[in-house]
Amino acid sequence: MNRILLSAGGIRSAGTRTGWQGNMRRWSNNTGRWSNSMDQQSNNMGQRGYSTGQKVGVLMMNMGGPRTQDDVGPFLRGIFADRDILKLPLQDILGKFIAWRRVDQIKQQYAQIGGGSPIERWTRAQGDGMVKLLDRASPATAPHRYYVGFRYTEPSIRQAVENMLNDGIDHVIAFTQYQQYSGSTTGSNLNELWRVQHQLDPDARLRWSFIDRWGTHPELIGAFADRAEAQVRLLPDHVRHTAPILFSAHSLPLNVVDRGDPYVAEVGGTVAYVVNELRRRGVTNPYRLTWQSAVGPQRWLGPQTEAAIKSYGTRGFTALVAVPIAFTSDHIETLYELDIEYGEVAAEAGITHYMRAEALNDYPPFIAALASIVHEHITNGFPASTQLLLPDPGPESPQTALTRQWIAAQAALNKSSA
């Protein structure tokens, strides 16, 4: 099996971006050119949305991951107890049982990728790079500080809010690191944030705004396309243009999809934009969107990535490129599931050139995308997403309704002061 992971520099073909000097630039599908969007926005500083001297913090929210083997059990129990992810009968009992059944297996998997999850290290690297770029682009709100808040592991959302209060932050941008929105991921983080904020900040010292989805941001699309293109270019000539590209995303239970959760549509949107950019660059490989990481007794969204790899192998394909499209940092789903587990599946299926696009991690164009997204949010007056304020068509929990009301109230405060 020929599986290659590229360094952060990647490779560039004629007609693509070179280096990352242009990391503050935005792709325009209309003009076909890169414009210095952050530089242009910097010229508008002070016109909308904030005043000089305001201390702005950026809360980078994610699921998290176990730092060590001892953290695996609590991590799993937190996931299977969360009804925003899975609704199980007798959840307190069945959730703990599923976690107990899986803990030894998951520990073994983490042992094969270094003993724990690297997601905290990557999130801090992303935050460090992001605030450095923000300080240059937005001096009126500098120095910017970022805080890591994980849902199921430390550093927790509670710890992040405590630190922001102690640091005298005035305005917090809650910036989900799930680029496609789901009530099971970003929604769960926001519900926990509501609970923590009401406990720790009853007098509402902190003002909040929210970046809840960014899966089609032009700079993110460019970074994903870079990673995918790099792997395609490394394929042998005889399969370079025919190897399927599998865009793999974390699956969802079908009952979440049925209630109208937007995740499936938003992941599909990211894929469509990335494919459009790849086509512009001359990469014409066929592609499919597949789903991974289904667990538990419920029915999950398909087709599963593992099944798709087996299918294409049995149909005579000898090359395949897997692109993690819903993950921006390496963690167990990329390092173990895609690399090790599915790499073995590919080899057994006769796929001799199994390539996995490198995660974005600390890739400079991706760091620039994060800074651009936050900078646009600041200069546009901390806007609220109309999508975030719209409930799913299906039933929602009382907690989700409370959280949405709080977000709407914060949005009204930000709009009145813009």
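This passage looks at one kinked helix and one parallel sheet in a predicted model.

Helix 3 comes up first. It covers residues 91-111, which makes 21 residues, and it reaches 28 Å from its first C-alpha to its last, close to the 30 Å expected at 1.5 Å a residue. The helix isn't straight, though: there is a kink of about 45°, centred on V103. V103 is also buried, and it shares that status in helix 3 with Q91, G95, I98, A99, I106, Q109 and Y110. As a general point, an α-helix has 3.6 residues a turn, so residues three or four places apart point the same way. As for what sits opposite, the buried residues of helix 3 pack against two other helices, helix 2 (72-81) and helix 11 (332-348).

Now for the sheet. Four strands make up an open sheet in the order 8-7-9-10, and the pairing is parallel. Strand 8 (287-292) and strand 10 (353-356) sit at the edges, each pairing on one side only. Going from one strand to its neighbour, the turn is 25° on average, with direction ignored.

The pairing of strand 9 (residues 319-324) with strand 10 runs over four bridges, in the parallel sense. Within this stretch, A322 has R356 of strand 10 as its bridge partner. A helix also lies over this part of the sheet: helix 7 (residues 218-234) goes across strand 7 (245-250), strand 9 and strand 10, and it runs at about 165° to strand 9.

Notes. Residues are numbered from 1 along each chain as its sequence is written. This is a predicted model: local features need pLDDT of at least 70, side-chain atom pairs count only at pLDDT 80 or more; totals for chains, interfaces and linings use all residues. Side-chain values use heavy atoms; hydrogens and water are left out. The expected span of a helix is 1.5 Å times one less than its number of residues. The bend at a residue is the angle between axes fitted to the seven residues ending there and the seven starting there. Buried means under 20% relative accessible area, exposed over 50%, partly exposed in between (1.4 Å probe, protein chains only). Contact means heavy atoms within 4.5 Å. Two strands pair if DSSP finds at least two bridges between them. Axes are lines fitted to C-alpha atoms, for helices over the stretch in contact, and angles run from 0 to 180 degrees between N-to-C directions.
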